[in-house]
Amino acid sequence: MTTPLQFSAFVMNTTSHIAHGAWRRPEARQTDFNSLEHWVSLATTLEAGTFDYIFFADVVGLYGDYQGSWRKFVESGLQIPSNDPMVVASAIAHATEHLGIAVTSSILQTHPFQFARTMSTLDHASNGRIAWNIVTSQSANAWRNFGYDDITAHDDRYVWADEYVDVVYKLWEGSWDDGALIADKESGLHADFDRVHKINHVGTRYRVEGPHLVAPSPQRTPVLFQAGSSPAGRAFAARNAEAQFIMSPNPRAAKTLIADTRALVTDAGRAPEDLQFFQGLSFVIGSTEEEATRKAAELDEFIDPTTIIAHAAGGMGFDLGSYDLDTPIGEIEAEGNRSTLAWVKEAITDREPTVRDLAEIRSRSGRVVGTPESIADVLEDWRAAGVGGINVVNSTIPGSYEEFIDHVLPVLRDRGLARRDYADGTARRRATGRDRLPDTHPAAAYRGAFAHL
């Protein structure tokens, strides 16, 4: 029997997230991002379509400059303004019953004690449907926003992340024993003191006494997502994540990446299947291939290549704004991460690629154009490569998701590639068959690990 794929709606509480410029389409509602009703309405639409998650990306700073300035980001709405998704998560939890709610939070932005408290509260409020996308913030502006002179070195950020998750694991898994909360009105005993513990964490960056102020939530630890693609990021995911977001160029590359990463999971003492992979894809859907191709061309008319370049290069740490779009890639002098430039050269072999090619390839990366049936064929290939979920990237909200739900999901259900109904229980139970992390996860080491001194 084919295991159904999981589906996550990849969104951000901003106007221009990934498909820069598409917000100008007449039907696009991305500019309603300040409206709580906008997000609640999208969430209820996703739940009606049996999506597994609404997944909020987030940033806490600007990307690197474009043309020597941050003007481009403001003028194009490139992830600014950007609102805090944690604030709307509880409203979505109240308006839905089954939809998982994944929020991005950096180790930089919130002290682990407060973060653990917020997430446990949300997990209670949602009856166990909260997930955390763990990020380390690669924006120098983000670090300066929180009082640092500059960004911490890449691998050092993951050392920091190791301690951060260590603290929250201790709070979530070790501070309260099962059954500690009694709330017995007859005896007057509210909680068993001997089963509530301070964690007394003393580390390089944090000193947290505890106890956790929130009693265990349905999942204790939220479902853990991670998206790091570097060696340090993949090693961190292998130790900690239950799902990893990937952007592989094709199923063959995804199969290799998944096999390599699952080997790291095994090395970390976990079962290979403890980590699932969500491939990021966007969809242009037509009743015929010709219609789908026409709709893709219409979408491209709205895409802003300079904003695509500002996003891509700014995230890599260098400024491509001083180069004309027709500048050959080989003429670019950059001290930052050149992997994307090399990727463009590999994609275009019959001529010297240009900066414009980078924008076009980046804007179409992960895009699937076709009929519901041909899209289902493509998703079967991704499933065969070992992908367990699809992170659905939008060009317009709510249209991208409404079209996918109305036209693609029925075909996927008929092929066993998508569920027809929700199973009961927490977000983790639907994905793994259990509410809590397995004993092989590093967080499990803190269960029963603390006692009163």
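**View 1. Three cavities of 30 Å³ or more are held in this structure.** The model shown here is a predicted one, and its enclosed spaces make a good place to start. The largest cavity holds about 80 Å³ of space. Fourteen is the count to keep in mind for its wall: of the 14 lining residues, Thr 15, His 17, Ile 18, Gln 30 and Asn 394 come closest to the centre of the largest cavity. Do look at the make-up of this lining, with seven nonpolar residues, seven polar ones and no charged ones.

**View 2. The second largest cavity has a volume of about 40 Å³.** Which residues line the second largest cavity? They are Glu 242, Arg 270, Asp 274, Thr 432, Arg 434, Leu 437, Pro 438 and His 441. By class, this lining divides into four charged, two polar and two nonpolar residues. Readers may like to compare this wall with that of the largest cavity, whose lining has no charged residues.

**View 3. The second largest pocket has a volume of about 380 Å³.** Its lining is made by 24 residues, and nearest the centre of the pocket lie Gln 6, Gln 276, Arg 430, Ala 431 and Thr 432. Thr 432 may look familiar, for this residue is also named in the lining of the second largest cavity. Three elements, strand S7 (223-226), strand S9 (276-285) and helix H15 (427-432), each supply at least two residues of the pocket lining. Helix H15 gives the largest share, with five residues. Sorted by class, the pocket lining has ten nonpolar, eight charged and six polar residues.

**View 4. The largest nonpolar core has 82 residues.** Those with the most contacts inside this core are Phe 7, Phe 51, Trp 132, Phe 283, Leu 379, Phe 404 and Leu 412. Helix H6 (residues 154-174) gives the most to the core, with ten residues. Apart from this core lies another, of 25 residues, including Leu 62, Ala 296, Leu 299 and Ile 329. As background, nonpolar side chains tend to be buried together in soluble globular proteins.

**View 5. Phe 7 is one of the residues with the most contacts inside the largest nonpolar core.** What does Phe 7 touch, leaving aside residues up to four places away in sequence? Its partners include the aromatic residues Phe 51, Tyr 53 and Phe 404. Phe 7 also touches Leu 379, Leu 409, Leu 412 and Leu 417, together with Ile 390, Val 392 and Ala 418. Asp 52 completes the set of partners.

Key: Residues are numbered from 1 along each chain as its sequence is written. This is a predicted model: local features need pLDDT of at least 70, side-chain atom pairs count only at pLDDT 80 or more; totals for chains, interfaces and linings use all residues. Side-chain values use heavy atoms; hydrogens and water are left out. A nonpolar core is a set of buried Ala, Val, Leu, Ile, Met, Phe, Trp, Tyr and Cys residues joined through side-chain atoms within 4.5 Å. Buried means under 20% relative accessible area, exposed over 50%, partly exposed in between (1.4 Å probe, protein chains only). Helices (H or I, at least four residues) and strands (E, at least two) are DSSP runs, numbered from the N terminus. Contact means heavy atoms within 4.5 Å. On a 1 Å grid over the protein atoms alone, a cavity is a set of points where a 1.4 Å probe fits but cannot get out, and a pocket is an open set with protein on both sides within 12 Å along at least five of seven lines; lining residues have an atom within 4 Å of a point. Grid points are joined across faces, edges and corners, and a volume is the space filled by probe spheres set on the points. Ala, Val, Leu, Ile, Met, Phe, Trp, Tyr, Cys and Pro count as nonpolar, Asp, Glu, Lys and Arg as charged, and the others, Gly among them, as polar.
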